[in-house]
Each structure stands twice: as C-alpha cells, then as structure tokens.
Amino acid sequence: MSEPGCGSSERIRVMTVDDHEIFRGGIAFALDAYEDLELVGGAHSGEEALRLCEEVRPDVILMDMRMPGLDGPSATRA
C-alpha cells in the first residue's frame with residue numbers, strides 16, 4: 001500500500017468508538033476533510049465495537065478509553 005496523499009487511490013478505513021454521540025459526530029465531520037480517509041462505522045460501546053469491527057474490517061479504530069461496560073483497553077485486547 002502506498003502512502004496516503006502520494007497519489008494512492010486506496011483510502012484508509014476508519015471506525016470510531018465512543019459512548020458520546022456528539023464526539024463521534026465531530027470526529028466524522030473532521031475525517032470528512034481528508035480524501036484519503038473513509039469513515040466505515042461508529043460504535044457507542046466496546047461490545048458494539050467488537051461486532052462492528054468484524055463487519056466493516058477497518059484499518060484504524062479511534063477508541064475511547066473509558067466507556068461503560070467493555071472499556072477501550074479491554075475491547076482492544078479482545
């Protein structure tokens with residue numbers, strides 16, 4: 001895979017995980033400014049993140065560290 005922004009047509013697939021919908025929306029808005037990034041999903045919990053990750057297969061996950069239930073570090077390990 002070539003480096004983003006260097007003539008590459010591949011986009012980096014990004015998923016967000018945060019229990020605050022407004023924060024996920026802000027990240028989605030910010031990511032939209034970059035042609036080489038594609039938001040492929042957003043989860044509100046660690047449990048949902050595990051399910052969604054299998055479905056959308058992101059390259060990068062922006063994960064909240066503290067969430068009710070399965071927190072970010074635990075979801076990342078899983």
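A salt bridge here is a side-chain nitrogen of Lys or Arg within 4 Å of a carboxyl oxygen of Asp or Glu. With that in mind, here are five close-ups of this predicted model.

**View 1. R24, a buried arginine without a salt bridge.** Welcome to helix α1, which spans residues 21–31 and holds R24. The nearest side chain of opposite charge belongs to E21, and it is 4.8 Å away. Because a salt bridge must lie within 4 Å, R24 has none, although this residue is buried. Look instead to the backbone oxygen of D18, which sits 2.6 Å from a polar atom of the R24 side chain. Not counting residues up to four places away in sequence, R24 touches T16, D18 and D19, and also G42, A43 and H44.

**View 2. A43, a strand residue in contact with R24.** From R24 we can step across to A43, which belongs to strand β2. Their C-alpha atoms are 8.5 Å apart in space, with the two positions 19 residues apart in sequence. How accessible is A43? Its relative accessibility is 0%, so A43 counts as buried. Neighbours within four places in sequence aside, the contacts of A43 are T16, V17, D18, R24, E48, A49 and L52.

**View 3. The largest nonpolar core, with eight residues.** A43 turns up again here, alongside M15, V17, V40, A49, L52, V56 and M67. Three elements each supply at least two residues of this core: β1 (12–17), β2 (37–43) and α2 (46–56). The largest share, three residues, comes from α2. M15 is a good place to pause: setting aside neighbours within four places in sequence, this residue is in contact with L39, V40, G41, G42, A49, L52, C53, V56, P58, V60, I61 and L62.

**View 4. Helix α2, with a buried side and exposed residues opposite.** Which residues of α2 are buried? They are G46, A49, L52 and V56. These four cover an arc of only 115° around the axis, and therefore lie on the same side of α2. The spacing makes sense in general terms: an α-helix has 3.6 residues a turn, so residues three or four places apart point the same way. Among the elements covering the buried residues of α2 are β1, β2 and α3 (72–77). Turn to the other side of α2 and you will find R51, E54 and E55 exposed.

**View 5. The two ends of α2, from S45 to R57.** Let us begin with S45, in the loop between β2 and α2. With a relative accessible area of 10%, S45 is buried. Leaving out neighbours within four places in sequence, S45 is in contact with V17 and M67, and both of those residues belong to the largest nonpolar core. Just after α2 comes R57, where phi is positive at about 50°. The side chain of R57 meets that of E54 in a salt bridge, with 3.8 Å from N to O. A search of the whole structure finds one salt bridge. Are its partners buried or exposed? R57 has 55% relative accessibility and so counts as exposed; E54, at 58%, counts as exposed too.

How values were computed
Residues are numbered from 1 along each chain as its sequence is written. This is a predicted model: local features need pLDDT of at least 70, side-chain atom pairs count only at pLDDT 80 or more; totals for chains, interfaces and linings use all residues. Side-chain values use heavy atoms; hydrogens and water are left out. Buried means under 20% relative accessible area, exposed over 50%, partly exposed in between (1.4 Å probe, protein chains only). Lys and Arg count as positive and Asp and Glu as negative; His and the chain ends are not counted. A polar contact is a pair of N or O atoms within 3.5 Å; within protein, one must be able to donate a hydrogen and the other to accept it, and residues adjacent in sequence count only if both atoms are side-chain atoms. Contact means heavy atoms within 4.5 Å. A nonpolar core is a set of buried Ala, Val, Leu, Ile, Met, Phe, Trp, Tyr and Cys residues joined through side-chain atoms within 4.5 Å. The arc is that of the directions from the helix axis to the C-beta atoms.
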